[in-house]
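Here is a short report for a reader meeting this structure for the first time. Please keep the sequence and the 3D view open while reading.

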Amino acid sequence: MESSYKLTHLRELESESMFVLREVAAQFENPVLLFSGGKDSIVVAHLARKAFWPAKIPFPLMHIDTGHNFPETIEFRDKFMDKIGARLIVASVQDSIDQGKIVEEKGFNASRNALQITPLLDAIEEHKFDCALGGARRDEEKARAKERFFSHRDDFGQWDPKNQRPELWNLFNGKKNMGEHFRVFPISNWTEMDIWQYILLEEIEIPNLYFSHMRECFERDGVILGKTDFIETRDTEEVKPMQVRFRTIGDATCTGAVLSEASTLEDIIDEVASTRVTERGGRSDDKRSEAAMEDRKKQGYF
Amino acid sequence: MEEVVEKYDSTGYLDMELLRFTTAGSVDDGKSTLIGRLLYDSKSIFADQMEAIEAVSKRKGEEHVNLALLTDGLRAEREQGITIDVAYRYFATPKRKFIIADTPGHIQYTRNMVTGASTANMAIILVDARHGVIEQTKRHAYIASLLQIPHVVVCVNKMDLEDFGENAFEKVRKDFEDFSAKLAIKDVRFVPISALLGDNVVNRSTNMPWYEGPTLMHILENVHIGSDQNHIDARFPVQYVVRPMTTEYHDYRGYAGRVAGGIFRKGEEVAVLPSGFTSKIKSIDSMSGPVEKAFPPMSVTLTLEDDIDVSRGDMIVKVGNQPESKQEFDVMVCWMGDKPMQVGGKYALKHTSRDARCVIKDVRYKMNINTLQKIEDDNNIALNDIARITVRTTVPIFLDGYRKNRNTGSLILIDEATNNTVGAGMIV
């Protein structure tokens, strides 16, 4: 497959990510892998399996559950954990709301997306995690383009983008003081296309939400949203069956679908190659302001 | 508005290579425009990104769509119209995938360019055709040389403002070659371009028939990067010991790491440093099955025939080709801390997977990177300074010269009070 002493771009990215995952296991005492059930975190979990094989992944996986999931996501998540034999921790947004720590947003565009910050930071504190691995990629969003592989967070979980440690060669500095933690992003250098190509190459299972299917949907501000119990529709918004698939899987209230007939991984790769809108273009959480992602990240978002 | 895009060949990705490059330029030399041009002409800018920057450009009353806005990620940067930090950009052509480390041209210049250059296969140095080789160009060339970036392309930009004349281009070439003769740049090429109009960036210029060389994109897609890694001196820093402790793999002990140099084959005799014990490679493992050989930058897991004590920070090498093991050595350091370097001070040091502490024993000289003159008797090494220093470490370091191997020749220094990375070191 590979010519003598050269790696293809996918194998080079894979090797870099495995290197980062092993650094995490070596440099931190109590890391955790954040798992959303989306394709990026599935790929990170797959890379973690490869990094430590034949041993199991030496840290737990954690799902920050907004409670507003497509049922397919949870079903997939539980099957996936069984298959890889990993320990799963679930931190729930609903619990934080019930405990009065956060207040549910109101109105038609209410979303629990930003509300994930509190249960995430609470879980990190409760379990004394010193490193949270995530599946964020630098090509996703402009604030992410400046993120490090090893991203330092202060004892309030905050990110200071103007005061980041320089990252040189592949020497990662995970030193920190008590109470501080790191966010580490092993697939920083991957693009959406790389992820899909790799899923195809490695025959990685993903939730069927990513493939074309018929679903009750409606349009809002140019974004197609799936009809669920968690989202109120206006009288003017017509709910009708559409043939769609999802490019990202997040909170069901703000994750947009695209009209698509792509029913295989090859179809999806063709579609990604010819598409003219970024995958986060369908996420209304990023449309709130020009710096929406930066603001959430500073507070401790993924 | 929708463009017709050729059908993507989903099997083609198996042959794609990865090229990492960094862009260096001074303020207003069109660096952001060049990156915007590469992204735009290779169809890597998406419609929603384009709409967003069109809207912002219009709101600010700018005449052209400001492609620089694509690369300004943080709120403060957009507000002030400056770039603060290294930003990474991605695009692909059917041949290669590219990672750009985009470094700002003004503040913290050296620190950021060194960071971007540390992982790059190639540096693009931009020169304004009207101004020629200036002090900043020399600085960029020096850093490219110091960091041993294997390939350098000097893009002579704004050729449209010089009526696409050959003289301006030839003058830059001559001046650059005169200066870089003193440096260790292995492969340098020159391309006359107009990033604004697109000449010789992706598409061939019709305005400069006198130029017979390739376009920038042609170089990016075709430059030979297969020899950028050291394939001779086998080095395997042990990152992590894999011990499944399951029934199936009860006695399994695997040494996980990324090959830092040379080629390892099953059955070969190896030595483990620092113990010096020798053994043979029993297997090179991966989840998809054992492999016959491993070479840089592969991440694999080695098992050995003999049960010897190996842990993180050790290095597996060939018996007949070992790195130097030293506790005192010289380093070219680029200082990145806000506080100046303390001569006689102690720092944490990271080299491959090995952690140590060190003391800065001496400053041999400080570099004036504009004139390439060595300044002796100046011990004040502050942010963005480059100097040759002598360090003494608490444990032996298994090192190669940086010129021989970027992986085993590099290190970082960490301030033990703040935990910040304060120095980037290249072993002399």
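## A salt bridge between the chains

A:Lys6 and B:Glu17 join their side chains in a salt bridge. The distance from N to O is 3.2 Å. This comes from a predicted model, as do the other values here. Between chain B and chain A, the count is five salt bridges.

Helix α2 of chain B, residues 47–59, gives the largest share of the side of chain B that touches chain A. That share is five residues. Sorted by class, this side of chain B has 40 nonpolar, 25 polar and 24 charged residues.

## The interface as a whole

In all, 89 residues of chain B are in contact with 73 residues of chain A. The size of an interface is often given as the accessible area lost when the parts come together. Here, the area buried between chain B and chain A is about 7,200 Å². Carbon and sulfur atoms give 58% of that area.

Polar contacts also cross the interface of chain B and chain A. The rule finds 26 residue pairs in polar contact, with both residues at pLDDT 80 or more.

## Chain A

Chain A has 302 residues, and 65% of them are buried. The chain holds eight helices and ten strands. Take its contacts with a separation of 6 or more: 72% of them are between residues 24 or more positions apart. The area that chain A exposes is about 11,400 Å². Carbon and sulfur atoms supply 47% of this exposed area.

Helix α5 of chain A spans residues 117–126. Which of its residues are buried? They are A:Ile117, A:Pro119, A:Leu120, A:Leu121, A:Ala123 and A:Ile124. A:Lys128 follows α5(A) and has a positive phi, near 55°.

## Unusual backbone in chain B

Most residues other than glycine have a negative phi, and most peptide bonds are trans. Chain B has exceptions of both kinds. The peptide bond from B:Leu273 to B:Pro274 is cis, with omega near 10°. B:Pro274 sits in the loop between β11 (269–273) and β12 (278–285) of chain B. Another cis peptide bond runs from B:Pro296 to B:Pro297, with omega near 0°. B:Pro297 belongs to the loop between β13 (293–294) and β14 (299–304) of chain B.

Two residues that are not glycine have a positive phi: B:Met245, at about 50°, and B:Thr352, at about 40°. B:Met245 is in the loop between β8 (240–242) and β9 (254–258) of chain B. B:Thr352 is in the loop between β17 (346–351) and β18 (354–368) of chain B. Are these residues buried or exposed? B:Met245 counts as exposed because its relative accessibility is 60%, and the cut-off for exposed is over 50%. B:Thr352 has a relative accessible area of 18%, so it is buried, the limit being under 20%.

## A glycine ahead of a helix

B:Gly165 lies in the loop between β5 (151–157) and α6 (166–180) of chain B. Its relative accessibility is 24%, so B:Gly165 counts as partly exposed.

What does B:Gly165 touch, leaving out residues up to four places away in sequence? It touches B:Met159 and B:Trp210. B:Gly165 and B:Asn207 are 42 residues apart in sequence. In space, they are 9.1 Å apart, C-alpha to C-alpha.

Terms used. Residues numbered from 1 in each chain as written. Chains lettered and ligands numbered in written order. Predicted model: local features only at pLDDT ≥ 70, side-chain atom pairs only at ≥ 80, totals over all residues. Heavy atoms only, no water. Contact = heavy atoms within 4.5 Å. Buried area = accessible area lost by both parts, 1.4 Å probe. Salt bridge = Lys/Arg side-chain N within 4 Å of Asp/Glu carboxyl O. Polar contact = N/O pair within 3.5 Å; in protein donor to acceptor, adjacent residues only side chain to side chain. Helix = DSSP H or I, 4+ residues; strand = E, 2+ residues; numbered from the N terminus. Nonpolar A, V, L, I, M, F, W, Y, C, P; charged D, E, K, R; others polar. Buried < 20%, exposed > 50% of the residue type's maximum accessible area, 1.4 Å probe, protein only. Areas by Shrake-Rupley, 256 points an atom, 1.4 Å probe, with all protein chains shown as cover.
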